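Q: Could you take a close look at the charged side chains in this one, and tell me which pair up, which don't, and where they sit?

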2 protein chains.
Amino acid sequence: MPDANNPNPPKPAPAKPAKRSFQAPKGTRDLYPDDANLRRFITEAWRNASIRHGFEEIDGPTFEDAELYKVKSGDGILAEMFGVFSGKSPEDVEAVRDPSRGPPYVLRPEFTPTLARMYAARAAQLSKPTKWFTAGPFFRAERPQRGRLREFLQWNVDFIGLPGLGEGKPTDDQLAESKARADAECIACCVDLLRSLGFTPKNVRVKFYSRMSWVAWMQDEGVPPELVQPTFMLLDSRTKMSEDVLRQRCAEIGLPPRIASQVILGSSMGVSWDLTKGHPSLLGLFRPMQPLLDALIDLGVAEWCEIDSSIVRGLAYYTGMVFEVIADGERAVAGGGRYDNLIELFGGPPTPAVGFGMGDVVLTNLLRDKGLLPERKALLDKLSQTPAPLRPDAFVLTADESLDPLVRGLVADLRRGVESSHSLHARHSYKSTRNVGKLLKEAAAQHARFAVIIETATTATIKPLDAGEQFQCPLSEVPARLSSLLHP
Amino acid sequence: MPDANNPNPPKPAPAKPAKRSFQAPKGTRDLYPDDANLRRFITEAWRNASIRHGFEEIDGPTFEDAELYKVKSGDGILAEMFGVFSGKSPEDVEAVRDPSRGPPYVLRPEFTPTLARMYAARAAQLSKPTKWFTAGPFFRAERPQRGRLREFLQWNVDFIGLPGLGEGKPTDDQLAESKARADAECIACCVDLLRSLGFTPKNVRVKFYSRMSWVAWMQDEGVPPELVQPTFMLLDSRTKMSEDVLRQRCAEIGLPPRIASQVILGSSMGVSWDLTKGHPSLLGLFRPMQPLLDALIDLGVAEWCEIDSSIVRGLAYYTGMVFEVIADGERAVAGGGRYDNLIELFGGPPTPAVGFGMGDVVLTNLLRDKGLLPERKALLDKLSQTPAPLRPDAFVLTADESLDPLVRGLVADLRRGVESSHSLHARHSYKSTRNVGKLLKEAAAQHARFAVIIETATTATIKPLDAGEQFQCPLSEVPARLSSLLHP
């Protein structure tokens with residue numbers, strides 16, 4: 001073949017033997033431009049929702065020490081993953097050839113162990129609470145099928161630590177409320193992502209439950225403590241049994257018939273409660289979820305959510321609330337829950353945490369099913385829009401503790417973009433202080449553009465933190481006023 | 001630990017044995033928020049430069065069939081990479097345990113084989129030429145050191161096929177000019193990235209050469225053909241020898257002393273030519289690079305470039321021009337060249353191609369060395385700016401073949417953002433047609449916002465393709481007029 005830089009090049013070497021034809025490994029994807037743009041459409045939507053809700057981006061290595069995954073799950077887990085080793089390291093090569101050892105590294109199958117390791121390594125320096133997100137490739141060694149690939153993208157959103165607790169030991173009620181608020185922030189971020197992609201509460205539902213609800217109810221009902229764990233096992237596996245078999249197994253372990261009926265009800269009919277149908281505060285089964293219900297209502301996402309006792313989640317590390325995002329005809333598009341013991345397990349201080357993951361494969365199927373994937377030209381335009389700003393647009397605060405719910409409500413409204421206002425990046429303090437000077441200092445340290453000081457139940461002061469004069473306005477006008485200041 | 005959803009939870013299980021402490025595998029990175037933001041700063045700069053220059057994003061799997069890398073380099077290459085296997089596949093496990101086989105997959109060490117595979121698979125449907133970029137993680141099994149990690153990010157920009165050739169067999173001169181234009185487009189995109197990050201021609205240089213220059217010069221000088229390859233081997237290894245040893249080796253293979261002196265000159269002094277010092281068209285050694293010099297001047301990047309005979313590049317697949325981006329005190333920050341035989345080797349039709357790669361590790365070191373990393377607040381602001389638009393801002397065309405250099409010059413000016421104009425996403429046709437109707441159709445198919453029709457050497461018509469009236473203006477005013485239409 002002639003060369004650009006020489007009109008008379010030497011003859012090329014004789015042709016190589018046979019042409020080879022190669023494909024992407026089974027269960028992985030080649031992304032041509034339209035596919036790569038679709039990937040960016042999804043990862044930017046994930047990123048924008050995370051940033052508006054005050055989560056900060058992190059990431060870890062693509063492969064991790066194999067040991068990291070044995071902490072939770074033992075050696076057997078290695079057979080579920082892709083092993084990785086350096087072909088240049090005699091020690092690595094020896095390890096993979098030795099049936100009693102195995103690969104030194106694995107491709108990361110999920111993010112939570114990396115997050116726990118990273119948090120544990122810097123727990124002393126990190127702000128309390130810490131809000132992190134990531135979006136990147138993950139890998140599972142399964143046989144590929146609809147909705148499941150061997151390499152896929154996953155968005156992870158995690159709230160580590162607890163919001164709004166002051167000095168000293170909190171009461172149980174304070175702890176429960178604090179955890180519920182962190183849980184609700186994660187769910188609200190997930191709902192905001194769904195809303196930003198065009199889903200509605202009609203076609204996608206956030207279904208949540210807590211194993212602790214079963215525990216509390218069993219305690220109230222006088223179920224002997226030694227029956228709690230066996231009852232859990234029946235609950236976990238109940239969809240795999242007929243009602244008759246389930247009733248027989250309940251009898252075998254000695255569950256009173258009244259309790260057995262409830263377990264079976266949770267199985268055959270599903271205990272589910274649409275939150276828009278009213279506050280189910282009278283139902284004993286739901287009582288432990290009351291703080292979460294309140295927090296979801298505060299953040300304006302209750303209409304997307306329902307209580308569903310069929311949600312248990314497979315992973316062993318969940319310790320409280322668990323949730324899944326479900327649409328008809330597809331696998332769960334997202335799932336997560338509270339994992340209060342994991343950070344400690346990875347060498348960090350005892351730290352309650354909650355988070356969820358969402359994969360790109362099911363999400364893309366769902367967007368396609370619902371006709372929510374933009375046409376090519378509209379997609380190109382969408383990908384050219386300004387991303388959510390990393391500097392907070394607004395930092396909302398108050399000197400009056402009784403106005404705290406208004407702070408959280410306004411932040412939720414600003415993030416969502418009520419009426420014709422833009423969706424903004426809004427934050428509030430998680431500290432217990434109500435000292436306005438300290439709170440303004442926190443706003444400045446986070447490089448917020450505006451502080452919003454809620455003065456009374458109906459008035460607020462908007463204070464530009466870069467330059468400009470502060471002014472008062474009705475609380476209800478704050479979203480529109482900020483929106484026009486930031487997007488003139 | 002108490003649970004949010006239950007004030008009286010059952011006692012947790014007894015504490016696990018010893019706490020474990022984990023770190024990222026050697027040579028990989030944990031990205032905390034500031035690190036992740038810096039990563040985004042770099043990947044967005046890569047992406048924006050690519051898009052402004054009309055390259056489209058693609059990507060492939062993180063791991064590939066090991067066979068893919070043996071095509072170019074034989075079995076030995078596996079020892080340089082990270083092997084990957086499914087722990088769930090008995091066949092995979094057996095392969096890694098068998099010293100005569102090895103891993104079925106490897107973590108991708110570079111992108112070019114994936115690109116060649118992807119192009120070969122769809123060559124018939126893809127536009128001619130095809131301009132692709134990608135940015136993602138790559139892996140090498142080396143010992144980590146300054147500027148080299150085991151997992152790193154790399155930007156790849158490739159121009160596949162040839163621009164502007166009509167029907168029928170092109171002459172050698174036409175081929176040479178066409179390849180030079182593709183080469184120059186890649187170099188111009190790389191320069192634009194460097195410029196957008198704050199580098200100047202004073203602190204970073206694009207150094208290029210062509211092995212074919214040596215070949216042509218040797219032919220001109222009457223060096224017998226059988227001495228060309230041995231002379232190359234001396235050129236490749238000349239930095240490892242003293243001048244005396246080199247002169248002796250030249251004598252051993254029978255090189256005339258005049259030629260030997262030139263080889264030594266290329267070694268000990270470096271044949272280097274700053275393009276701003278004038279057009280070195282009289283130097284016989286540089287003659288085969290004349291079309292590339294012309295093309296670099298056309299695109300306004302000649303002041304960043306110099307000819308340097310010490311640039312040879314290690315990879316075997318380069319067939320013509322090779323270049324490196326060099327700054328004092330660091331490894332090459334980018335490198336690439338023309339690889340005209342590779343697509344065919346991977347099962348595609350014979351397709352000339354040129355491209356380059358740039359890693360994030362050396363680039364970040366260099367930005368830090370030169371004080372070009374933005375402070376935290378400025379970085380957050382930068383990451384919140386609008387990305388380069390995927391729809392072309394402008395598609396420039398002409399009915400008059402003699403005005404073609406003005407088309408390329410205007411496109412280069414628009415991409416760069418001359419004077420106070422914005423940097424725009426600009427394209428022109430690579431087809432040989434001068435039929436304005438056909439060219440406008442091409443502009444519309446690419447969803448361009450404006451067509452710019454160069455009418456004479458000094459006038460142009462700006463035609464909005466979405467809506468609005470077309471108008472004429474002086475050619476010199478086109479960048480400012482488009483800039484104010486697109487960024488009012």
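A: Here's a walk through the charged side chains, followed by a few backbone spots and one helix. Keep in mind that this is a predicted model.

Let's start with the pairs. Over all chains, a search of the whole structure turns up 73 salt bridges. As background, side chains of opposite charge can pair when their charged atoms come close. I'll pick out a few of them.

Take Arg117(B) and Asp30(A): they form a salt bridge, with their closest N and O atoms 2.7 Å apart. That pair crosses between chains, running from helix 4 of chain B, where Arg117(B) sits, to the segment before helix 1 (33-52) of chain A, which holds Asp30(A). Arg117(B) has a relative accessibility of 2%, so it counts as buried.

Another pair that crosses between chains has a different setting. Asp466(B) and Lys377(A) meet through their side chains in a salt bridge of 3.6 Å, N to O. Asp466(B) is in the loop between strand 16 (459-464) and strand 17 (471-474) of chain B, while Lys377(A) belongs to helix 13 (residues 376-382) of chain A. Asp466(B) is partly exposed, at a relative accessible area of 44%, and Lys377(A) also counts as partly exposed, at 36% relative accessibility.

Now for a pair inside chain B. Lys131(B) makes a salt bridge with Glu185(B), and the closest N and O atoms are 2.8 Å apart. This one links distant parts of the chain: Lys131(B) is in strand 5 of chain B and Glu185(B) in helix 5 (residues 172-196) of chain B, 54 residues apart. Lys131(B) counts as buried at 8% relative accessibility, and Glu185(B) counts as buried at 6%.

Salt bridges can also join up into something bigger than a pair. Arg39(A), Arg47(B), Glu57(B), Asp59(B) and Arg108(B) are linked in a network of them.

Arg39(A) turns up again when you look at Glu151(A), a charged residue in strand 6 (residues 151-160) of chain A. Glu151(A) is buried yet has no salt bridge, and the nearest side chain of opposite charge, Arg39(A), is 6.9 Å away. Why doesn't Glu151(A) have a salt bridge with Arg39(A)? A salt bridge needs a side-chain nitrogen within 4 Å of a carboxyl oxygen, and here the nearest side chain of opposite charge is 6.9 Å away. What the side chain of Glu151(A) does have is a polar contact with the side chain of Thr62(B), at 2.5 Å.

There are unpaired charges on the outside, too. Asp172(A), Asp173(A), Glu177(A) and Asp294(A) form a negative surface patch. Helix 5 (residues 172-196) of chain A supplies the largest share of that patch, three residues. Asp294(A) is found in helix 10 (residues 290-298) of chain A, and it is partly exposed, with a relative accessible area of 36%.

On to the backbone. For context, most residues other than glycine have a negative phi, and most peptide bonds are trans. With that in mind, look at Glu419(A), which has a positive phi of about 50° although it is not a glycine. Glu419(A) lies in the loop between helix 14 (404-416) and strand 14 (426-428) of chain A, and at 81% relative accessibility it counts as exposed. His447(B) is another case, with a positive phi near 60° in a residue other than glycine. The loop holding His447(B) is between helix 15 (436-445) and strand 15 (450-454) of chain B, and His447(B) is buried, with a relative accessible area of 17%.

There are cis peptide bonds as well. In chain A, the bond from Lys128(A) to Pro129(A) is cis, with omega near -5°, and Pro129(A) is in the loop between helix 4 (112-122) and strand 5 (130-139) of chain A. In chain B, a cis bond joins Lys128(B) and Pro129(B), with omega about -5°. Pro129(B) lies in the loop between helix 4 (112-122) and strand 5 (130-139) of chain B.

Last stop: helix 6 (residues 211-220) of chain A. Seven of its 10 residues are buried, so the helix is largely enclosed by the rest of the structure. Among those buried residues are Trp214(A), Trp217(A), Met212(A) and Met218(A). Just after helix 6 of chain A, Gly222(A) takes a positive phi of about 75°.

How values were computed:
Residues numbered from 1 in each chain as written. Chains lettered and ligands numbered in written order. Predicted model: local features only at pLDDT ≥ 70, side-chain atom pairs only at ≥ 80, totals over all residues. Heavy atoms only, no water. Patch = residues over 30% accessible without salt bridge, like charges linked within 9 Å, V, L, I, M, F, W, Y side chains within 5 Å. Areas by Shrake-Rupley, 256 points an atom, 1.4 Å probe, with all protein chains shown as cover. Lys, Arg positive; Asp, Glu negative; His and termini not counted. Charge placed at Lys NZ, Arg CZ, Asp CG, Glu CD. Helix = DSSP H or I, 4+ residues; strand = E, 2+ residues; numbered from the N terminus. Buried < 20%, exposed > 50% of the residue type's maximum accessible area, 1.4 Å probe, protein only. Polar contact = N/O pair within 3.5 Å; in protein donor to acceptor, adjacent residues only side chain to side chain.
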